[in-house]
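Trainee: Could you take me through how salt bridges are read in a model like this one, beginning with a single residue and its surroundings?

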Amino acid sequence: MNVIRRVQIALIIILFLGCVPLSGAEAARYSDVPETHWSAKEVYYLSDLGVLKGGSNGKFNKDAPVTRAQAAAILVRAKKLPLDNVPNPGFKDVPTSHPFYKEIAAAVNAGWFSKAGSFNPNGQLKRVEMAKITAAAFSLSGSVPVEWEDMARAHWGTPYVSSLVANGITAGYTATKYQPSGVVTRAQFAVFTARALNSKFRMNIVAYPKKAAQGIFYPQFKDTEGVRDFALLNEEYAEVGRELVSIRKEVMDLAKEDSSLGKYYQYTVSYKVTRADASYTSVVFESYQYTGGAHGYEQLFSYNYDVKKEDFMSLDDLAQKQGYKRAVIDRINAQAYALAKKGRISWEGLESLNEHQQQFYMTNTGFVMYFNPYEYGPYSDGIREFALPYSLVR
């Protein structure tokens, strides 16, 4: 092969590579967003599309708050709105020389942001504002009857947040709180935007809270793909809510009979959704009850649900290995005795799982067995939890 021919082939290769989009591995990477970060897939997806841009220091600045101007620019790029000949919205604090003037004008003209005297471009974007502009930018429809602990039904942002939940874009800041005034970080906004733009990033199963009584909430589930019907599961949790309200009433009735300590009586329940996908849902409740005496009493109780079989599960239902109980008992005892040796807990030794078939909850990577106060130790030990791999039982 002569030199001229080699040069021609080299040029063809260079031109070909220049036309091929960079893969995720070859595209720009940010030093503060490792592949293991919870937002990495969404951040790099949007970066590869040119929707997100990092700083000059090679970082994405994932934990920095998103400003209103930045949010407008990100959404405009995601929706590919034209920037030419857009009417000036006339904000006092957004002159035509502003670096994001065109993007802000386009976002306002599209109806995502309200017109006013000022735009507050450097203001930090709040979670409820994020819900409004995201729902508007992507024309999200649908809703769920969510009842947040920190956001009334009459709040102006409730319809937008409800739409985001219904579409699998958010499930709240915690199980029962949305935190509407919370500041949105760049990583969080990347995840919200990616989920709105591309359904593959959305949550297929979402959980949202319903209020049973003051201080008592229970979860409801929705399949955002519309494949699975959670009506029966949701009714079961509604019944759990009613039972908790009944217990609370009993506690409050007892309070009336205690003239000295009755005013301190209380019964509250919180919960966490530790797993929610097409295979399983898992919810762990934590209750606190005080009915007089030296201290109250905290305990965990959980519900694990097989989505495909449409039935609640015991530990035996989860397990597929013969003799799994011995392996689980040995692993728990090993962890417990190691803690006892350090003086952190007391442990009398676990010998059987027969009485603890419901005392576990599931995560994406494993399951957790728990023991409430007085089980295998004094009250002062509190609730003891032991994380275990699925490989022990499956």
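Mentor: Let us begin with Asp63, keeping in mind that this is a predicted model. Asp63 counts as exposed, because its relative accessibility is 56% and the cut-off for that class is over 50%.

Trainee: Which residue does the side chain of Asp63 meet in a salt bridge?

Mentor: Side chains of opposite charge can pair when their charged atoms come close. Here the partner of Asp63 is Lys62, with 3.8 Å from N to O. Lys62 is buried, since its relative accessible area of 15% falls under 20%, whereas Asp63 is exposed.

Trainee: Where do Glu129 and Arg68, which also form a salt bridge, lie in the structure?

Mentor: The closest N and O atoms of Glu129 and Arg68 are 3.5 Å apart. Glu129 belongs to helix α5 (residues 127-137) and Arg68 to helix α3 (residues 68-79), so their pairing ties together parts that are 61 residues apart in sequence. As for accessibility, Arg68 is buried at 14%, while Glu129 is partly exposed at 22%.

Trainee: Are Arg242 and Glu235, whose side chains meet in a salt bridge, buried or partly exposed?

Mentor: Arg242 is partly exposed, with a relative accessible area of 43%, and Glu235 is likewise partly exposed at 42%. Their N to O distance is 2.6 Å.

Trainee: How many salt bridges are found in the whole structure, and which residues are linked in a network?

Mentor: The search of the whole structure gives 14 salt bridges. Glu147, Arg153 and Lys210 are joined by such bridges into a network.

Technical notes. Residues are numbered from 1 along each chain as its sequence is written. This is a predicted model: local features need pLDDT of at least 70, side-chain atom pairs count only at pLDDT 80 or more; totals for chains, interfaces and linings use all residues. Side-chain values use heavy atoms; hydrogens and water are left out. A salt bridge is a side-chain nitrogen of Lys or Arg within 4 Å of a carboxyl oxygen of Asp or Glu. Buried means under 20% relative accessible area, exposed over 50%, partly exposed in between (1.4 Å probe, protein chains only). Helices (H or I, at least four residues) and strands (E, at least two) are DSSP runs, numbered from the N terminus.
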